[in-house]
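Me: I am new to this structure and would love a close look at a single part of it. Could you pick one and walk me through it?

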Amino acid sequence: MLFTGTRSRNAVESAFAIASGLAADGGLFVPQDFPVISTAEFETMKEMDYCRRAETVLAKYLTDYSAGEIKYCVQGAYKGTFDNDLPAPLTDIGSNRKVLELWHGPTCAFKDLALQLLPYLLTTALKKLNTGRQAVILVATSGDTGKAALAGFAGVKDTQIVVFYPRDGVSDMQKLQMTTQPGNNVTVCAIAGNFDDAQNGVKAIFTDGEMKDFLHQNNMEFSSANSINFGRLVPQIVYYVSAYCDLLKDGSLRPGEKFNVVVPTGNFGNILAAVYAKKMGVPISRFICASNRNNVLTDFIRTGIYDRNRQFYTTESPSMDILISSNLERMLHLLADGNCEVVSGLMAELKNTGKYQISGKMLEKLQQDFYGTWCDDEAGRAAIAAIFKERHYLCDTHTAVALAAGENYRRETGDDTLQVIASTASAYKFAPAVLQALTDAALPADDFEKLQLLSQISDTRIPEPLANLRGSEILHKECIAKEEMAGFIRRNLE
């Protein structure tokens, strides 16, 4: 298995792609072809636990890793780190809907599924490449990626991790998780801007010649823990494959029978992983792309025009407050049948004008599989209240966007196919908004009292990783302008 860039045809093996994070020209690494899982293999895999399923999928992409190396990485990531050793369980919520719960890990968000594994994949890749350099993990986060990356990389030998987050663009609980993170290889900094500012800054730093020279002189090299790194994306493919195996095992589906996925979407990585799973043989019929008020993806799917020149909204689902969806570039590569010149041209248009339009042929291919829809905060709160009233099921604000989107899709299309809804975070990470959906009572001022109130109302337990934050010391207090990111990195690495 070889990987090329979305903007170039140079082929590399997976270890190089994972260690580099981003191609030299700013493009993203994509597999040259997709391995296929046969019907017989699915029948075997449905009896496996999550770790063995992960080993099976990873082995098909990371062909330069040995079976022993893959097993070491998977076991280290998933054994003893997720509730009941079930990283991605399915929960039936009625009306032909199942929730794929991706928040049972150490930071209570779906990023754990990838970011518990990535440090193992990356450090193994560095040993295989034998560069002798220290990896500097550079991260822009809209909330969940930051803490999950910090939890994964804190204390990992021969790595430094630097995380940037938008000062006013994450929940209080997300901010507390990041700013209390200990570790002598850990740096966290707020920026006075939004997530797109942080992400654009990180991308620019990756390709900055002076910064590369600085790293080289200090025996360092950049890598990424954002989903621009294929090592972040491949573990996400696993949980869609695993979900299908569980649906086969519990009799919800017959072999080959199709289902739809609904994914609350910001940077497009989570839903793209489902696309890659379909390429491997998972029988997904439609991808329902759920957006909040920052609905640039909804408009793109409906019109073929991607236009980030619009008002940016701060919402109750902050991990989706994004106007530049980086992983969409990988989807464009698929839609263009691997034509990197087309992708490169579209990305140049986006950089220069803030917009681009795909061809009619590409749009037709996109709309065959994708359905875009969105909801605002009010509709999200209504979805939280409705599912709690109907099923006594507690969900967060991002999952609520997906629930609302799934209902929009059914109402507008009449398609009642089984929906698998990606639930991306614990409701407790966004307790104030969830409480507003469930009660008219005045909310306490203290964040941890809000958690206790939500626990009482819902009759559910506060996740330990969040409960244990009470009294933690704030270790990272700096906030900088977005133009100062490169200088901040230099100062801290020096």
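Reply: Happy to, and what follows is a walk through a pair of helices, with a short look at a sheet afterwards. Please keep in mind that this is a predicted model.

Let's begin with helix α7, which covers residues 144-153, and helix α8, which covers residues 172-179. Their axes come within 9 Å and cross at roughly 25 degrees. Angles under 35 degrees count as roughly parallel, and α7 and α8 are therefore roughly parallel to each other. The crossing in which α7 passes α8 is left-handed.

Which residues make this meeting of α7 and α8? From α7 come Asp144, Gly146, Lys147 and Leu150, and on the α8 side they meet Gln174, Gln177 and Met178. The residues of this contact are a mixture: two are nonpolar, three polar and two charged.

Now for the sheet. Six strands build an open sheet with mixed pairing, and their order is β3-β4-β14-β9-β10-β13. At its edges stand β3 (90-94) and β13 (370-374); each has a single partner strand, so one side of each is left without a neighbour in the sheet. On average, neighbouring strands here are turned by 25 degrees against each other, with direction ignored.

To see one pairing in detail, follow β3 to strand β4, residues 97-101. These two strands run antiparallel and are joined by four bridges. If you would like a residue to look for, try Leu90: its bridge partner in β4 is Leu100.

Note on methods:
Residues numbered from 1 in each chain as written. Predicted model: local features only at pLDDT ≥ 70, side-chain atom pairs only at ≥ 80, totals over all residues. Heavy atoms only, no water. Axes fitted to C-alpha atoms, helices over the stretch in contact; angles between N-to-C directions. Parallel < 35°, antiparallel > 145°, perpendicular 65-115°, else oblique. Left-handed = near helix turned anticlockwise from the far one by under 90°. Contact = heavy atoms within 4.5 Å. Nonpolar A, V, L, I, M, F, W, Y, C, P; charged D, E, K, R; others polar. Pairing = 2+ DSSP bridges.
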